[in-house]
Structure formats: structure tokens, C-alpha cells
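Hi,

Here is the structure I said I would pass on. Have a look at it first, and then read on for what turned up.

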Amino acid sequence: MRIDVLTIFPQMFDVPFSFGIFKRAVDQNLVSINVHNIRDYTHDKHHTVDDSPYGGGPGMVFKPEPVFEAVAAVKAQVTTEPEVAEPLVILLTPQGRLFNQRIATELSGYRHLIMLCGHYEGIDERVVEHLVTDEISIGDYVLTGGELPALVVIDTVIRLLPGVLGSEDSAQEDSHMNGMLEYPQYTRPSVFRDWPVPEALLSGNHAQIARWRRQQVIQRTLERRPDLIDMSKLGQEEKQMVEQFNSLYKAKSSLNKEPEK
Ligand code: ADE
């Protein structure tokens with residue numbers, strides 16, 4: 001996969017891409033990440049990328065010309081074979097579709113992503129209408145720019161690419177990968193302070209371990225993110241577990257209720 005990032009702060013990407021899984025993925029040519037300074041595509045003495053909004057109002061707006069030029073320059077660098085899909089041009093913006101693991105999986109199927117980091121009060125709408133093909137938000141809050149969101153998206157996507165993580169399984173078992181939260185993990189020692197590792201994990205019995213983990217996935221998701229439970233996607237055993245936990249919670253909450261006067 002090739003990822004091009006268009007930003008006015010290219011240095012913000014120096015450190016994250018130099019460590020750990022990012023670096024290994026780049027070193028192994030599983031992904032190439034190219035960061036471009038949008039200011040390099042301006043033609044005035046001051047390298048101006050922003051201007052005041054038509055109609056007045058606070059803040060500044062990203063000018064369209066340098067952004068169009070930067071995207072054109074990136075596209076010109078890649079050989080366009082007719083059978084290869086056009087790159088996605090993703091604008092990071094709080095107005096975009098809300099990023100999640102499903103969207104990360106979708107993006108991981110593309111050969112080429114261009115990520116455009118917005119700033120200021122926004123970006124000239126003609127960029128959004130005529131250049132951008134996808135808009136992504138990483139949450140319902142406003143950051144000072146699209147650089148951190150771009151890093152979040154790139155990190156999430158890269159670790160899904162084949163060969164990037166140690167074993168293919170490690171992404172499969174992630175929280176959210178199957179729509180639910182992951183089971184808890186333990187390592188040695190088997191007793192730390194007074195706290196033992198759950199017995200099922202020490203049993204050596206694979207069926208018992210797998211069942212304990214499925215139970216934990218259901219219990220955690222019900223307790224922390226019940227909105228993620230989609231009964232239609234669960235097997236018979238999982239459905240039963242949900243029902244069991246639900247009746248347990250009901251019994252508990254009725255025990256905690258104030259007695260009626
Ligand atoms: N730019 C500013 N805030 C953002 C957000 N929440 N998601 C994506 N891009 C942004």
C-alpha cells in the first residue's frame with residue numbers, strides 16, 4: 001500500500017513513523033508513506049496556504065490551488081494502469097463519517113490512499129466537492145488539525161495489512177475486529193500479590209479456554225459497550241451467554257433496588 005499525506009506540518013509525522021510497527025512495515029516495503037508539505041505547492045513569496053473567508057467571519061480557510069496542485073503532483077508520481085483503482089483522497093475533518101474498525105478494514109483494501117490534513121476554520125468547499133472522495137472524522141470533538149487524525153487512521157489501517165503484525169491472528173482477535181471487545185489477557189506469574197490468574201486459563205484444556213474467552217468477550221461487551229452487541233451475528237452458544245448475563249444483571253439490579261415503602 002502507498003499512503004501520501006498532505007499537510008502544512010510534515011515534521012509532525014517524523015517521529016511516529018520512525019518507531020515500532022510503522023517503521024518495520026516501511027522497512028519491509030509493506031507500505032510506503034510519503035509526507036508532502038502543502039506549502040511547497042504555493043507560488044507566492046510567503047507560501048500562503050490560507051485566506052480569509054468570503055462573507056466574513058472568524059478564522060482562515062485553506063486555499064484550493066495548493067491542495068489541487070499537491071494532489072495532482074502525487075497522482076502524477078504513480079503509474080496509472082487502467083485496471084488499478086484511482087486513489088482515495090481522504091479529508092480528515094470533524095464533518096466526516098465516523099471512523100471505526102469496519103472503515104479501517106475497508107481502507108486497508110486500497111492500493112493507494114491520499115490523506116489531506118485540514119486546518120483553520122476549514123478548507124475551501126471546492127476541494128471537498130471536486131477533489132476529495134472520502135471524509136473521515138475520528139470522533140465528535142474538534143482537534144486543531146487533521147494530522148493526529150491522519151496518524152490514527154494510518155496506524156489502524158497499517159496494522160491490518162498482511163505481514164505487518166507478527167501473526168495474522170493478532171489482528172483477528174482484536175477488540176472491535178469482530179464487532180465486540182477482546183477478552184482479558186494474563187501472563188506470568190500465575191499469582192501476583194493475592195490475585196490469581198483465572199483457573200480456566202491454567203487448565204491447559206483448549207476447549208475450556210476458548211469457552212472462557214467467548215464468555216469474557218460477551219460479558220465485557222455487555223458491561224462496557226452494550227451498543228456493540230448484534231444478536232443477529234451471534235451463534236447459538238453466544239446468544240445463550242447474553243441471555244444468561246442479562247438475567248444475572250436483572251437479578252442483581254433488583255437486589256440493589258430500594259425496598260418499596
Ligand atoms: N480535524 C479536527 N478535528 C477532527 C476530527 N475529530 N476528526 C478528523 N479530523 C479532524
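The shell around the ligand is made up of 8 nonpolar residues and 4 polar ones, with no charged residue among them. Before going further, please keep in mind that this is a predicted model, so read everything below as computed from that model.

Who is in that shell? Going along the chain, you will meet L92, T93 and P94, then I136, S137, I138 and G139, and after those Y141, V142, L143, G145 and P149. Two strands, β5 (88-98) and β8 (134-137), each bring at least two residues to the shell. Of the elements involved, β5 gives the most, with 3 residues.

Next, the polar side of the ligand. Which residues place a polar backbone atom 3.0 Å or 3.1 Å from a ligand nitrogen? I138 does so at 3.0 Å, and G139 at 3.1 Å. L143 joins in as well, with a backbone N or O atom 3.0 Å from a nitrogen atom of the ligand. As for how much of the ligand is covered, the protein takes up 97% of the 260 Å² of accessible area that the ligand has on its own. If you want to find the place by eye, go to the largest pocket, since that is where the ligand sits.

Away from the ligand, there is an open sheet to look at. Three strands form it, in the order β3-β4-β7, and their pairing is mixed. At the edges are β3 (50-51) and β7 (122-123), each of which pairs on one side only. Strand β4 (residues 61-62) runs parallel to β7, and 2 bridges join the pair. To pick out one of the partners, start at V61: its bridge partner in β7 is G122. As background, strands of a sheet pair through backbone hydrogen bonds, either parallel or antiparallel.

Finally, a couple of backbone details in loops. The peptide bond from R188 to P189 is cis, with omega near 5°. You will find P189 in the loop between α6 (168-172) and β9 (191-192). The other one is N29, which is not a glycine and yet has a positive phi, near 60°. N29 belongs to the loop between α1 (20-27) and β2 (32-37).

Over to you, and happy browsing!

Conventions:
Residues are numbered from 1 along each chain as its sequence is written. This is a predicted model: local features need pLDDT of at least 70, side-chain atom pairs count only at pLDDT 80 or more; totals for chains, interfaces and linings use all residues. Side-chain values use heavy atoms; hydrogens and water are left out. Two strands pair if DSSP finds at least two bridges between them. Helices (H or I, at least four residues) and strands (E, at least two) are DSSP runs, numbered from the N terminus. A residue is near a molecule or strand if one of its heavy atoms lies within 4 Å of it. A polar contact is a pair of N or O atoms within 3.5 Å; within protein, one must be able to donate a hydrogen and the other to accept it, and residues adjacent in sequence count only if both atoms are side-chain atoms. Accessible areas come from the Shrake-Rupley method with a 1.4 Å probe; for residues, only the protein chains shown count as cover. On a 1 Å grid over the protein atoms alone, a cavity is a set of points where a 1.4 Å probe fits but cannot get out, and a pocket is an open set with protein on both sides within 12 Å along at least five of seven lines; lining residues have an atom within 4 Å of a point. A molecule sits in a cavity or pocket if more than half of its atoms lie within 2 Å of its grid points. Ala, Val, Leu, Ile, Met, Phe, Trp, Tyr, Cys and Pro count as nonpolar, Asp, Glu, Lys and Arg as charged, and the others, Gly among them, as polar.
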